[in-house]
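Thanks for coming. I will take one helix and then the aromatic pairs, but please look at the picture before I start.

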Amino acid sequence: MKGSLDTEFKVKLKNMILEECDREEITADELADDVELFSDESGLDLDSVDGLQISMLLQRHFNLRLVDPKEFRRIVTTINHLADHLQPE
């Protein structure tokens, strides 16, 4: 199933990201699937250190290595986009 259509997979991704970045003040339910993660609108207040943590998380759990910062920014935009990249079908 395509990642953006797999609610369970998206909740798992959200929880992993929230835990990795120590964001206890927001829950997976409060994080919209289509909001840009590194925007003010997400409420996550993510910075470059968080980006590195997310990159390492993706490598550990999904064997996705994002060395190029431009590639990271292209893939890790929203939960829907990231889920589709990790689970294309």
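Is Phe-72 buried or exposed? Keep in mind that this is a predicted model. Phe-72 has a relative accessible area of 10%, and as the cut-off for buried is under 20%, it is buried. I will come back to its partner.

Now to helix H2, residues 48-62. With 15 residues at 1.5 Å each, the expected span is 21 Å, and the C-alpha atoms at its ends lie 20 Å apart, which agrees. Its buried residues are Asp-50, Gly-51, Ile-54, Ser-55, Leu-57 and Leu-58. Viewed down the axis of H2, these fall within an arc of 160°, so they line one face of the helix. Their cover includes helices H1, H3 and H4. On the face turned away from the buried side sit the exposed residues Ser-48, Val-49, Leu-52 and Arg-60.

A word on the ends. At the start of H2, a side-chain oxygen of Asp-47 comes to within 3.1 Å of the backbone nitrogen of Val-49. Just after H2, Asn-63 has a positive phi of about 55°.

On to the aromatics: the whole structure has two such pairs. In one, the ring centres of Phe-9 and Phe-62 are 6.0 Å apart with planes at 85°, so this pair is edge-to-face. It joins helix H1 to helix H2, across 53 residues. Phe-9 is buried at 10% relative accessibility, while Phe-62 is partly exposed at 24%.

The other pair is Phe-38 and Phe-72, with centres 6.0 Å apart and planes at 75°, so edge-to-face. Phe-38 lies in the loop between H1 and H2, and Phe-72 in helix H3, 34 residues apart. Phe-38 is partly exposed, at 37%.

Notes. Residues numbered from 1 in each chain as written. Predicted model: local features only at pLDDT ≥ 70, side-chain atom pairs only at ≥ 80, totals over all residues. Heavy atoms only, no water. Helix = DSSP H or I, 4+ residues; strand = E, 2+ residues; numbered from the N terminus. Expected span 1.5 Å × (residues − 1). Buried < 20%, exposed > 50% of the residue type's maximum accessible area, 1.4 Å probe, protein only. Arc of directions from axis to C-beta. Contact = heavy atoms within 4.5 Å. Polar contact = N/O pair within 3.5 Å; in protein donor to acceptor, adjacent residues only side chain to side chain. Phe/Tyr/Trp six-rings, centres within 6.5 Å; stacked < 30°, edge-to-face > 60°.
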